[in-house]
Structures are given as structure tokens and as C-alpha cells.
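Work through the exercises below with the model open. Each task is followed by its solution in steps.

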Amino acid sequence: MTKPSLPELLHAAVTAVGGTERPGQVAMAEAVEEAIDGGSHLLVQAGTGTGKSLGYLVPALAHGERVVVATATLALQRQLVERDLPRTVDALHPQLRRRPEFAMLKGRSNYLCLHRLHEGVPQDEEDGLFDQFEAAAPTSKLGQDLLRMRDWADETETGDRDDLTPGVSDRAWAQVSVSSRECLGATKCAYGAECFAESARERAKLSDVVVTNHALLAIDAIEGAPVLPQHEVLIVDEAHELVSRVTGVATGELTPGQVNRAVRRAAKLVNEKAADQLQTAAEGFERLMELALPGRLEEIPEDLGYALMALRDACRTVISAIGTTRDKSVQDEDAVRKQALASVESVHDVAERITNGSEWDVVWYERHEPRGGAAYRHSGASLRVAPMSVSGLLREKLFTDRSVVLTSATLKLGGDFNGVGASLGLAPEGTEGDDVPQWKGVDVGSPFDYRKQGILYVAKHLARPARDGDRGDMLDELTELIQAAGGRTLGLFSSMRAAQLAAEELRSRIPEYPILLQGEETLGELIKSFAADPGTCLFGTLSLWQGVDVPGPSCQLVVMDKIPFPRPDDPLMSARQKAVEEAGGNGFMAVAATHAALLMAQGAGRLVRASGDRGVVAVLDQRLATARYGSYLKASLPDFWFTTDRNQVRKSLAAIDAKARQTEVEGQPESD
């Protein structure tokens, strides 16, 4: 029997999910097939509505080797495992003559730990709630959640936190989960045979497609101990998020609260001398942290250097002492010992990393708003260390021994793929060389007609935004735009403070248009309320720039208060910018402008989510029209019709609003 052709397979899959075949999807599937067959790498930009998950799943399943698909958001993982994969596998089965298996795999702490559930959490003296279940009053929210999870443990097949509805707080989940460091290991644990995390790993080993998240992919790459099963093809969806997720996993943190927890956990397991040494080092570190001022530490101050060496050495002493003492009086000794070791080792590793002082690391102090609760009683400061860049790590760990496909609606910045490629450790497209990963970039376009469906408006008449300056003119403009649009506005702000100020001000100016504010309710609830009432507006910051999918008349105006450059005092971004400049490059364009372009492209992508959508993206920052870098940023956005004419935009918004109202009255869905 001849091998079925890719167009036949794609047609069968698209029909099965009730979709429409689009030229961009066909072009994407062909490019993915070519990359997989040739063992090369591909960056593919596929606009909203292309149907990109089938664009990569069909050629990957047809290839027949094991595939890992890594995504950034829970929503997409769910969509793949619950909708796209089951239907695609069913549709392709008759032609492929096999039924590919698929499974979801996440980090260990995402799964319920039966040992924790049944044996309780080793008790920390200061945290009275953190022992057996009975210590949490059944009437408290925490107690109710714990009892609910105990019942859920008997019925769940996966033990996956994301399958528990309604969800529970991080604090409640911490009672029933362990990190990989705290885990006793399947062979030593009384519940090893029934372990949810181990079952998920076993299922992944037997599957043809493993769906995971960027964080686990990063852990697999960084920590050297493979978590993911061997695979020939890696597909990274939402790839614009990958660098920040990998950076997050590679970032270390030390706080007084965390160090004191390690002291308490270790104290009962080691001799007095070792415990005292760690206690003294912890007190010295805490005293310093009380005086810490936020900002980058280009050199480690002498007193901090001594405090970190004292911590590192005390942790070493404790780690070897824990290994040589046994204490039968400690209940569930193995679990207590493992938890204490995990706490002390994580303090040791960060203290040692900062003490060793790599030129590739950035170290800084950060201050946090103090919050209530035992874990936050200590100074609200943390010491953090992150890699200057993860591009070398990604080049070495990601692009060897497998074919990698990276896809997103936003990978082309300023008109080409080289900016995103460089952040992933790839040389400019077409560069030849023995150790240079070969890749190509393909933009398969979008099924939407952006020039007809959307307007990009820049409020050129507004004063140039100054950091923390008064933006009364911007609020006047925003008020008028919302009135012209009849509500229907998603407000994307460069800081939470700006979003709060705007919400406060506009609630009193235009009370007829309800304004929802991020943080006042869960994100899911806010988006649901926003979608349900066209007169409502939703204001917020970072997660709204890329997490909102509201097609139709509820979102016809997307406003950005200003170009979202990183804050000038962001230690990591400013260190990266400086490093590029010292190497002779343009730090501002390579770091700040690239960061802003990616966010603006994501933000503008919130407007047109379906072929019937119409609307305006309004940028209330004249620099997009006047500054030299404006053209680079505009080239990263969808190709909307462009104007700086405020009257024209108000007329267009009023017309779009009138049409939407008419449609709502008639109760007819808007035609394309």
C-alpha cells in the first residue's frame, strides 16, 4: 500500500475537527514535513486562525517517530489532549494503519503525592497548619480544600492538579504535592506502585506523542537528568514564550524565609554543632537582607560575599551530617529527611552559584510587598541570580540530536526571524558551518484580511509619555475612544499602577461602561464577564497582552497605553542591553525594542480572532509614529490600515459599534 499523501491526511484531520482547510495550514504542514524528513529546524509564523496545531500534528504523526509537543499555556495543552489529538488520531487511523498513542507529562509537583496525602506533611515548627490534615480546621477554606482533595484522590485517574475543579490555592496544593527533590523515589516509597507522577512518566514512555510544557522542557535541557522520553522531533508551540520560561527555570533565588525554613527542617536531624552553624549563617544573611536596596549587584559586596560563603559552608556541613545520622524517634523519618535535604540543597546551590560568580550570570536584590502569613514574616527582600542569556544553553541543548519546529503567531519581528532566532541561539538564517544548526523561517500568513478588518491608530498628538509622569491627555483620549466604541475595550497597560489609575479615573468619568480590572477577580472570570457584555471594558497588564481570546463584538477596541519597553531599572534586561553594547551591537534594538515588539505583536493579536471581527488597535504613545524605531515596531504588527487621524478613528469606531448594536438587536450572527 502506498504511503498516504500529506494533503489527504490533512484533509481527513481538518474534517474530523470540524474545521476549514486554509492555504496557510497546508503550507505549514508541508514545511514541517520537510524539516522533519530532512532532520533540520524550522521557525514557522502562523497567524491566528491558521489552525496551526493540525499544521504540525498531522506531519508529525505521519512521520511515525516519537514527538514531544511543548506549549506555554494550560489552555493549549488541554485543547491538544482533549480535542485535537483524539480526533486527529481517529481520522488518520484508517490511512496510517496504526493508532498513535499520546500522553500529557508535567513536572512532579503538578501531581498529587499519595505519600503526602496519607502520611501528612513533615511539620515545620513555625507553620502550625503544615502538619497532618486534622490540624487544618475542617471549617477553614484550607481544611475544606484538603478534605476535598482527599476525596478526589480516590476518583482521579491522573492526580493532575489541572484536573481538579474547582481548583485550590497554592498553599493547599503544597500540602499534597512534592518537588522532584523532595520525592522519596518510587522504590523507597510505600505508595510508589500507585504514584500518579510515575504513572504519567510510564505513559509518556509508551506514547508516540508527549504533550508537555515549556518549564519541563527547560528542566529537561538544563538539569542534565532526562525527564522526557527519547524523541526524534520536538515541536515548541507558543515559541515566543520559550526564552522567558527557560530563563525562569534557570533563575535562582534566596530569601530569609526560605533559609529559615531550611534551618528548621534540618535542626532536628543533625548534631547541635552543625545546626548552630547553619542558624548563625542564616541570621547573618537575614541581617544583610533587611538593609538590601533593590537593584543589580555588578560586584558582590564583601559583606554579602562572606554571608553567602558562610551559608554555603554551613549547608555543606548539614548535608553530610544528615547523611550520617539516623533518628528513629522522628515519625516518617525518610520523608522528613528528604524534605530537609531538599530545602538545604536548594539554599546551598544558589549560595554557591552566586559565590562562584560567573560572568554569564546577573545578580540582583529585589524587594516585595510584605504579605501576611507565616512564610512571609521575614524581610520582603530576595537575592536573585539569572543567566545573562539562555541562547547558548538553548543552542547546545535544544538543537542537537533531533529536529525542532518552533511556531507562534509572533516570531517575525521587524520583518524577519533573525531576532527571535538569535534569542534561541541560532545564527542568522542561511549561515553555514559545521557546528551551526541549520534552520529556516517560514511565514504562512493569516486567513484574516487585516487591512480590511482592523485599523492601527497612533495618537500622535499626545505628549510623549514620561516615566511615572502625569498622563491626563492620555486618559482624555482613552475616555473618548471608549465612548466612541460603546465600551467593547481591552486596555493593555505597561504597569499595574497605570491600569489601576486608569480604571479608577474612568469608572468615575464614564460609569455607564463597567470597567473590570485585573487582580479584582481570577483571570478566567474576568475574561468570561468581559466576553458576556459588549458594553464592558477590561483593563490589565502582562497576562492580558497574550492571554485573551474574545472573538466578536465584545472586543472591538484594543488600547495600549504606551510602548511596553522593559523598565529601565529591570536588572536582567539592562544587563543584557549593556552586554550587547559592550560587544559592539545596538543594545536598545536587540533587547528593549525586541521585547516591546513581541509584546505589541501579541497585544495587537487580541483584536482579530475570527473572520467577522472588525476593530481598532489604538496606541496612545506618539513614539510609534515619530521615533526612529517606530517602523521596526510597526513591521512586527499585523498589517492593519494605519492612521494618526483621531476624528477618522472615532467615526470608524462609532460605525463598528452601530453595526454591532444592530446585529445584537436582530439577534443574527454577524456575517463575514
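**Exercise 1. An oblique helix pair**

Task: Classify the packing of H1 and H2 as oblique, parallel, antiparallel or perpendicular, then describe their contact.

Solution. The model is a predicted one.

Step 1. Two packed helices are described by the angle and the distance between their axes.

Step 2. The axes of H1 (residues 6-16) and H2 (residues 23-38) cross at roughly 130° and come within 11 Å. Angles over 145 degrees would count as roughly antiparallel, and 65 to 115 as roughly perpendicular. H1 and H2 are therefore oblique to each other.

Step 3. The crossing of H1 and H2 is right-handed.

Step 4. From H1, the contact takes in Leu6, Leu10 and Val14. These meet Gln25, Val26, Ala29, Glu30 and Glu33 of H2. The contact residues of H1 and H2 comprise five nonpolar, one polar and two charged.

**Exercise 2. A second helix pair**

Task: At what angle do H18 and H19 pack, and which residues meet?

Solution.

Step 1. H18 (residues 472-485) packs against H19 (residues 496-509) at about 55°, and their axes are 11 Å apart. That makes H18 oblique to H19.

Step 2. H18 and H19 cross in the right-handed sense.

Step 3. H18 contributes Leu475, Asp476, Leu478, Thr479 and Ile482. On the H19 side are Ala502, Glu505, Leu506 and Arg509. The contact of H18 with H19 holds five nonpolar residues, one polar and three charged.

**Exercise 3. The four-strand sheet**

Task: Give the strand order of the open sheet of four strands, then trace its pairings.

Solution.

Step 1. The order is S6-S9-S8-S7, and the pairing is antiparallel. S6 (252-254) and S7 (295-296) are at the edges with a single partner strand each, so one side of each lacks a neighbour in the sheet.

Step 2. Start at S6. Three antiparallel bridges join S6 to S9 (residues 381-387). Glycine 252 faces valine 385 in S9.

Step 3. Move on to S8 and S9. Seven bridges link S8 and S9, again in the antiparallel sense. Here arginine 367 is opposite alanine 381 in S9.

Step 4. Finish at S7. Two antiparallel bridges connect S7 and S8. Glycine 295 has tyrosine 365 of S8 as its bridge partner.

Step 5. Check the cover on S8 (residues 361-367). Five of its seven residues are buried, and the strand is mostly covered.

**Exercise 4. The seven-strand sheet**

Task: Which strands are the edge strands of the open sheet of seven?

Solution.

Step 1. Read the order: S3-S4-S2-S5-S10-S1-S11, with parallel pairing.

Step 2. The edge strands are S3 (102-104) and S11 (439-443), and each pairs on one side only. From one strand to the next, the twist averages 15°.

Step 3. Look at the S11 edge. S1 (residues 41-45) pairs with S11 over five bridges in the parallel sense. Histidine 41 lies opposite tryptophan 439 in S11.

**Exercise 5. One loop residue**

Task: Is glutamate 299 buried or exposed, and where does it sit?

Solution.

Step 1. Glutamate 299 belongs to the loop between S7 and H13 (302-324).

Step 2. Its relative accessibility is 67%. The cut-off for exposed is over 50%, so glutamate 299 counts as exposed.

Step 3. Compare chain and space. Glutamate 299 and serine 180 are 119 residues apart along the chain. Their C-alpha atoms are separated by 33 Å.

Methods: Residues numbered from 1 in each chain as written. Predicted model: local features only at pLDDT ≥ 70, side-chain atom pairs only at ≥ 80, totals over all residues. Heavy atoms only, no water. Pairing = 2+ DSSP bridges. Axes fitted to C-alpha atoms, helices over the stretch in contact; angles between N-to-C directions. Parallel < 35°, antiparallel > 145°, perpendicular 65-115°, else oblique. Left-handed = near helix turned anticlockwise from the far one by under 90°. Contact = heavy atoms within 4.5 Å. Nonpolar A, V, L, I, M, F, W, Y, C, P; charged D, E, K, R; others polar. Buried < 20%, exposed > 50% of the residue type's maximum accessible area, 1.4 Å probe, protein only.
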